[in-house]
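Q: I've got a model open and I'd like to learn how to read it. Can we go through it feature by feature?

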Amino acid sequence: MAVAEQQDTLDHEIIVIGAGVSGIYQLYRLLEMGVDVQVLEAGAAPGGTWFWNRYPGARFDSESWTYGYSFSKALLQEWSWSEHFAGQPETLSYLNHVVDRFDLRRHMRFDAKVRAARFEEDGRLWRLELESGEELTCRFLVTAIGMLSAPVLPRIEGVEDFKGTAFHTYHWPAEKVELAGKRVGVLGTGATAVQLIPLVAEVAESLTVFQRRPNWCAPLLNARITDEEQARIKATYDEIFARCRETPGGFVHAPDRRRFDEVPEDVRLAFWEELYATPGFAVWVGNFVDVLVDARANAEYTAFIADKIRARVNDSEVAEKLIPKDHGFGTRRVPLETNYYEAYNRDNVHLVDLNQTPIKRVTAKGIQTSAREHEFDVIIWATGFDAITGAFDRIEFTGSDGQTLREKWHDGPVTYLGLAASGFPNLLTISGPQSGSVATNFPRGIEEAVDWASALIHHLRSHGHTRIEATAEAEQSWLDHVKETYGWSLLPTAKSWFTGYNANIDGHDRLRHLIYNGGAPRYRKRLNAVADQDYVGFAMD
Ligand code: NAP
């Protein structure tokens, strides 16, 4: 069948997978262009990350007023965030509000989990297969499947054997989980656990935290937004977003470009005290650039933060266990916390250092370490995600030559701009590996990616193109550049999902170039340059 005839037989011109922060905005933009578009969402409602992560304490570490969408001035004026760092329920309400306000829900299908997607060269189309067995076709496929949406259980013997209640934080049940008076175990001390632990500690009879490697955590310093602040925020959204556009991470906190050595020690210390007392990520991304670039500057700041932890934890042995020894401050994602360290001052909270007493297995009653069996009513796996590529690996994407994306990315992702991959025509990957959005205040990054992808789709449609594919040369040159950005900071000195490590997954025991580390302004420049040169690096017809 000719391509033109096939167009009429497609189920949709475009399918977007995912109704989270990216999918919602992508849908809005495509509808604005008059495209026939369908969103497929695995969950029962929109929200993505904010639909799934219902654990106590879940909230973002970005200022709320920098986290909302910036595309509609009316939306910005009518929505009032209640806290500087809004909790999950409020963010989920916000996303639902956006969906309803712009009448997006009727273009979304829920409980529609995509199992596989295959590109068919003959019709220049993608054929999707849902878990239900249903098939759908489209010309262009856009993934908005998130970067931390493939939860991973720990690779521990007997993990399914526990007879009490157990779940991964991502799958926290929607109905109330009763923890009062319960013996609770938490495995993990990443950003999720750090939010959860102080709240569980307040209600549980006992809480045992199993820690393999501690993280450098710092105070979130959340507060309600006062009426005056609300008025100021709403009056200055243009400035807020302009500022976010200038910073590498899309936050309001800009790095301090003074040379570390040129700032006298007392001034440095006063500055660091100020950062530690500033809400949000200032403590990380508002610091001297040198702290994340120069090992000596990093060591000094790391020592400063270690003292802060010592000052907050009563038991000095526990404090030492909570202080990371294997990586410097900021080289892994810094969890922001509210009374995290103080939780360990409670009599009902116990820290198990897995370096001293490793886990042997999970039992019917709890967790057996080399020292003893810990019995629980509830075990919470706060063990993180198969980050960035995991969500792609869980769908079988098959490209034009029969290769799957999983096979192509087996030794690490290879993409063009993080938004496309050669061998996979007509596929755009919002927040794909090596895109700029995965290293930023997420909505700020994905708004730009979606705008860029939408302009590209407009270009294709207005030129009557039915096929687009990144060239292998463009892809190689992007990969080289992404690798180069790993040399610009101390980030690769630490093992975490930032650098592609995950001991629970085969093959993820080495550096994988998942993230574009060049900063949002540089990424934007690259995207704009590609668009200005008629989408150089793509073959279209
Ligand atoms: P994570 O940072 O990857 O932490 C997972 C934790 O589980 C780590 O402490 C890890 O220990 C531990 N773990 C995993 N497998 C284990 C095993 N087999 N034995 C012992 N310990 C094990 O995951 P996360 O806390 O869910 O956070 C992931 C990301 O989500 C964050 O970095 C952040 O970007 C995002 N997030 C954001 C927010 C927010 O915006 N406020 C909140 C939560 C999460 P090791 O460190 O030793 O591997």
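Q: Let's start with one residue: is Phe140 buried or exposed?

A: Buried means under 20% relative accessible area, exposed means over 50%, and partly exposed is in between, with a 1.4 Å probe and protein chains only. Phe140 has a relative accessible area of 5%, so Phe140 is buried. Before we go on, bear in mind that this is a predicted model: local features need pLDDT of at least 70, side-chain atom pairs count only at pLDDT 80 or more, and totals for chains, interfaces and linings use all residues. Residues are numbered from 1 along each chain as its sequence is written, and side-chain values use heavy atoms, with hydrogens and water left out.

Q: Where does Phe140 sit, and which residues is it in contact with?

A: Phe140 belongs to strand β6, residues 135–143. Helices (H or I, at least four residues) and strands (E, at least two) are DSSP runs, numbered from the N terminus. Contact means heavy atoms within 4.5 Å. Leaving aside neighbours within four places in sequence, Phe140 is in contact with Glu13, Ile14, Ile15, Asn426, Leu460, His465, Thr466 and Ile468. Tyr28 is 112 residues from Phe140 along the chain, and their C-alpha atoms are separated by 16 Å.

Q: OK, zooming out: how many helices and strands does the protein chain have?

A: The protein chain comes to 19 helices and 20 strands. The radius of gyration is 24 Å, close to the 24 Å that the globule rule gives for 541 residues, so the protein chain is as compact as a globular protein of that length. That radius is taken over C-alpha atoms, and the globule rule is 2.2 Å times the number of residues to the power 0.38. Along the principal axes, the C-alpha atoms fill a box of roughly 75 × 60 × 45 Å.

Q: What share of the protein chain is buried, and what area does it expose?

A: Buried residues make up 60% of the 541 residues. The protein chain exposes about 21,600 Å², and carbon and sulfur atoms supply 49% of that. Accessible areas come from the Shrake-Rupley method with a 1.4 Å probe; for residues, only the protein chains shown count as cover.

Q: And what do the contacts tell me about sequence separation?

A: Take the contacts in the protein chain with a separation of 6 or more: residues 24 or more positions apart account for 71% of them.

Q: Which domains is the protein chain divided into?

A: Domain bounds come from an automatic or database domain assignment. Here, domain 1 is 3–46 + 104–150 + 387–540, and domain 2 is 153–215 + 335–384. Their C-alpha centres lie 35 Å apart. Seven residues of domain 1 are in contact with seven residues of domain 2.

Q: Now a backbone one: which sign does phi have at Arg124 and at Ser431?

A: Most residues other than glycine have a negative phi, and most peptide bonds are trans. Arg124 has a positive phi of about 50° although it is not a glycine. Ser431 also has a positive phi, of about 55°, and is not a glycine either. Arg124 lies in the loop between β4 (114–120) and β5 (125–130), while Ser431 is in the loop between β18 (427–429) and α17 (442–462). With relative accessible areas of 17% for Arg124 and 1% for Ser431, each counts as buried.

Q: What about a helix residue: where is Leu527, and is it buried or exposed?

A: Leu527 is found in helix α19, residues 520–532. At 2% relative accessibility, Leu527 is buried. Setting aside neighbours within four places in sequence, Leu527 is in contact with Leu417, Leu419 and Trp452. Ala449 is 78 residues from Leu527 along the chain, with 8.6 Å between their C-alpha atoms.

Q: Last one: which accessibility class do Ala364 and Arg106 fall into?

A: Ala364 has 38% relative accessibility, so Ala364 counts as partly exposed. Ala364 is in the loop between β13 (359–362) and β14 (366–369), and touches Asp161, Phe162, Lys163 and Gly164, not counting residues up to four places away in sequence. Arg106, with a relative accessible area of 63%, is exposed. Arg106 lies in the loop between α6 (88–101) and β3 (108–109).
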